[in-house]
Amino acid sequence: MSLDYLAFVLLSLAVLGACGWLLWMFWQGPPYVPSKDEAIKEMLDLAGVKKGERVAELGSGDGRLAIAPAKQGALVDGFEINPILVWTARKNARKAGVSTHVTFTRKNFWRVDLSPYAVVTTFGIPHVMERLGRKLKRESKPGTRVVSNVFPIPGPKRIGKTKRALRYRVN
Ligand SMILES: C[S@@+](CC[C@H](N)C(=O)[O-])C[C@H]1O[C@@H](n2cnc3c(N)ncnc32)[C@H](O)[C@@H]1O
């Protein structure tokens, strides 16, 4: 086998691997797009998070949507698939002085048990919302509040809406 041919095979495998990885990531959830400040404010107002309540942030990005309720005294767990964003979010939480109220874990949120959480926040993408609705129905306790940035979640009852955010209650 010539070196040129070997290089061609290796390059093809690398390109195929990268395409497969991108497809898998797309299937798992939304790409990184941070919530705008106004959206975070609307989501928090809708969620009505209380001190000591447990909040799950699904796909926590750089941490901004987890840090905001932590500043209000909630106990927030952010789950994020991208390790660089997990590292950034931890750094941002330290900077905001809320490291005692928020954790960031590198974990696929489809593998997170949602049952302990009173509030779930998400900034998803349309093709995963139906799956999320089924997961909430399976795992979350009745009364769990769910707040979504922009995209509707089929399944749970919608009980509030602003320009950028939607609030649901799991029945
Ligand atoms: C649209 S961004 C929202 C980031 C943050 N929640 C915010 O509102 O600023 C979605 C985030 O979810 C992460 N993500 C996508 N699929 C995921 C999965 N299956 N498990 C954990 N994180 C995921 C992405 O890496 C990205 O950071």
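Why is strand 1 largely enclosed by the rest of the structure? Four of the five residues of strand 1 are buried, so the rest of the structure largely encloses this strand. A residue is called buried here if 20 or more other C-beta atoms lie within 10 Å of its own, exposed if 12 or fewer do, and partly exposed in between, with C-beta atoms placed from the backbone. The model is a predicted one: local features need pLDDT of at least 70, side-chain atom pairs count only at pLDDT 80 or more, and totals for chains, interfaces and linings use all residues. Residues are numbered from 1 along each chain as its sequence is written.

First, the overall layout. The chain has five helices and seven strands, where helices (H or I, at least four residues) and strands (E, at least two) are DSSP runs numbered from the N terminus. Along the sequence they come in the order α-α-β-α-β-α-β-β-α-β-β-β. The C-alpha atoms fit a box of roughly 65 × 35 × 30 Å along the principal axes. Of the 171 residues in the chain, 37% are buried. Contacts (C-beta atoms, placed from the backbone, within 7 Å) often span a good stretch of sequence: among those between residues at least 6 apart, 61% join residues at least 24 apart. The domain assignment, which comes from an automatic or database source, splits off domain 1 (1-30) and domain 2 (37-169). Taken over C-alpha atoms, the centres of domain 1 and domain 2 are 33 Å apart.

Back to strand 1 (54-58), which runs parallel to strand 2 and is joined to it by five bridges; two strands count as paired if DSSP finds at least two bridges between them. In this pairing, L58 stands opposite F79 in strand 2. V55 has contacts beyond its neighbours within four places in sequence, namely V49, P69, A74, L75, V76, Y117, V119 and T121. V55 also turns up in the largest nonpolar core, a set of 38 residues, where M43, A47, V55, A66, I67, A70 and V102 touch the most other members. Such a core is a set of buried Ala, Val, Leu, Ile, Met, Phe, Trp, Tyr and Cys residues joined through C-beta atoms within 7 Å. In soluble globular proteins, nonpolar side chains tend to be buried together.

What about helix 3 (64-71)? Six of its eight residues are buried, so helix 3 is largely enclosed by the rest of the structure. The six are L65, A66, I67, A68, P69 and A70. They pack against helix 2 (37-47), strand 1, strand 2, helix 4 (83-96), strand 3 (102-106) and strand 4 (119-122). Just past the helix, G73 takes a positive phi of about 100 degrees. On the other side, in the loop between strand 1 and helix 3, sits G63. G63 is buried, with 27 other C-beta atoms within 10 Å. Setting aside neighbours within four places in sequence, G63 is in contact with G78, T88, A89, N92, A93 and F104. G63 and W87, 24 residues apart in sequence, have C-alpha atoms 9.5 Å apart.

Now for the ligand. It is surrounded by 22 residues, the closest being G29, S35, G59, G61 and F123; a residue counts as near if its C-beta atom, placed from the backbone, lies within 6 Å. Helix 3 and strand 2 (75-80) are the elements giving two or more residues to this shell. By class, the shell holds eleven nonpolar, nine polar and two charged residues. For these classes, Ala, Val, Leu, Ile, Met, Phe, Trp, Tyr, Cys and Pro count as nonpolar, Asp, Glu, Lys and Arg as charged, and the others, Gly among them, as polar. Domain 1 and domain 2 each supply at least three residues to the shell.

That leaves the C-terminal strands. Strand 7 (residues 165-169) has four of its five residues buried, so it too is largely enclosed by the rest of the structure. Strand 5 (residues 145-149) runs antiparallel to strand 7 and is joined to it by five bridges, with N149 opposite A165. Strand 6 (residues 157-161) is likewise antiparallel to strand 7, through four bridges, and here K157 stands opposite R169. A hairpin of three residues links strand 6 to strand 7. In the loop between strand 5 and strand 6 lies V150, which has a positive phi of about 75 degrees although it is not a glycine. With 15 C-beta neighbours inside 10 Å, V150 counts as partly exposed.

Definitions and conventions: Contact = placed C-beta atoms within 7 Å.
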